[in-house]
Amino acid sequence: PATTPISFPVTAAPVFTGMIPSTTTAGHADFTLTAIGTSFVVGAQITWNGTPLTTTYVSPTNLTATIPAALVTSAGTATLKVINPGVAPTGPRTFTITP
């Protein structure tokens, strides 16, 4: 019997190498964060301490997200990751909020 090939998309795991900015001051207003890396796809999301942010796909190497002021009200750190749809997230990157 003949077989019919089946095609399915394969999404590469993203690599999250850095972000701009990587720090801000506590009490800062909303700002745009740019994630830098490779293999980002349409539908990828940046997460902040596990919570997905509204993310804009710019290119396979850049994503942006608006960081609301409510997330940077006090000094500390946040863990950011990038997730491509259907693929495990990247390793974490640390964002620092200075006093």
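**Strand pairing and nonpolar core of an all-strand predicted model**

Beyond its neighbours within four places in sequence, Thr-64 is in contact (heavy atoms within 4.5 Å) with Thr-32, Leu-33, Thr-34, Ile-46, Thr-54, Thr-55, Thr-56 and Val-58. Thr-64 lies in strand 7 and counts as buried because its relative accessible area is 19%, where buried means under 20%, exposed over 50% and partly exposed in between, with a 1.4 Å probe and protein chains only. The structure is a predicted model, in which local features need pLDDT of at least 70 and side-chain atom pairs count only at pLDDT 80 or more, while totals for chains, interfaces and linings use all residues. Residues are numbered from 1 along each chain as its sequence is written, and side-chain values use heavy atoms, with hydrogens and water left out.

The protein contains nine strands and zero helices; both kinds of element are DSSP runs numbered from the N terminus, with helices (H or I) of at least four residues and strands (E) of at least two. The C-alpha atoms fill a box of roughly 70 × 20 × 20 Å along the principal axes. The radius of gyration is 16 Å, whereas a compact globule of 99 residues would have a value near 13 Å; the radius is taken over C-alpha atoms, and the globule rule is 2.2 Å times the number of residues to the power 0.38. Buried residues make up 31% of the 99 residues. The exposed surface amounts to about 5700 Å², of which carbon and sulfur atoms supply 60%; accessible areas come from the Shrake-Rupley method with a 1.4 Å probe, and for residues only the protein chains shown count as cover. Of the contacts with a separation of 6 or more, 58% join residues 24 or more positions apart.

Five strands form an open sheet of mixed pairing in the order 2-9-8-4-5, two strands being paired if DSSP finds at least two bridges between them. Strand 2 (23-25) and strand 5 (51-52) are the edge strands, each pairing on one side only. Strand 4 (residues 45-48) runs antiparallel to strand 8 (residues 76-83), and four bridges join them. Within strand 8, Val-82 stands opposite Ile-46, and Lys-81 stands opposite Thr-47. Strand 4 is also antiparallel to strand 5, through two bridges, and Trp-48 has Thr-51 of strand 5 as its bridge partner. The hairpin of strand 4 and strand 5 has two residues between the strands, and Asn-49 in this hairpin takes a positive phi near 50°.

The largest nonpolar core has 19 residues, and those with the most contacts inside it are Leu-33, Ile-46, Trp-48, Leu-80, Val-82 and Phe-95. At least two residues of this core are supplied by each of strand 1 (15-20), strand 3 (31-38), strand 4, strand 7 (62-67), strand 8 and strand 9. Such a core is a set of buried Ala, Val, Leu, Ile, Met, Phe, Trp, Tyr and Cys residues joined through side-chain atoms within 4.5 Å. Phe-95 belongs to strand 9 (residues 93-98) and counts as buried because its relative accessibility is 0%. Outside its neighbours within four places in sequence, the contacts of Phe-95 include Met-19, Phe-31, Leu-33, Trp-48 and Leu-80. With the same neighbours in sequence left aside, Trp-48 is in contact with residues including Leu-53, Ile-67, Leu-71, Leu-80, Phe-95 and Ile-97.
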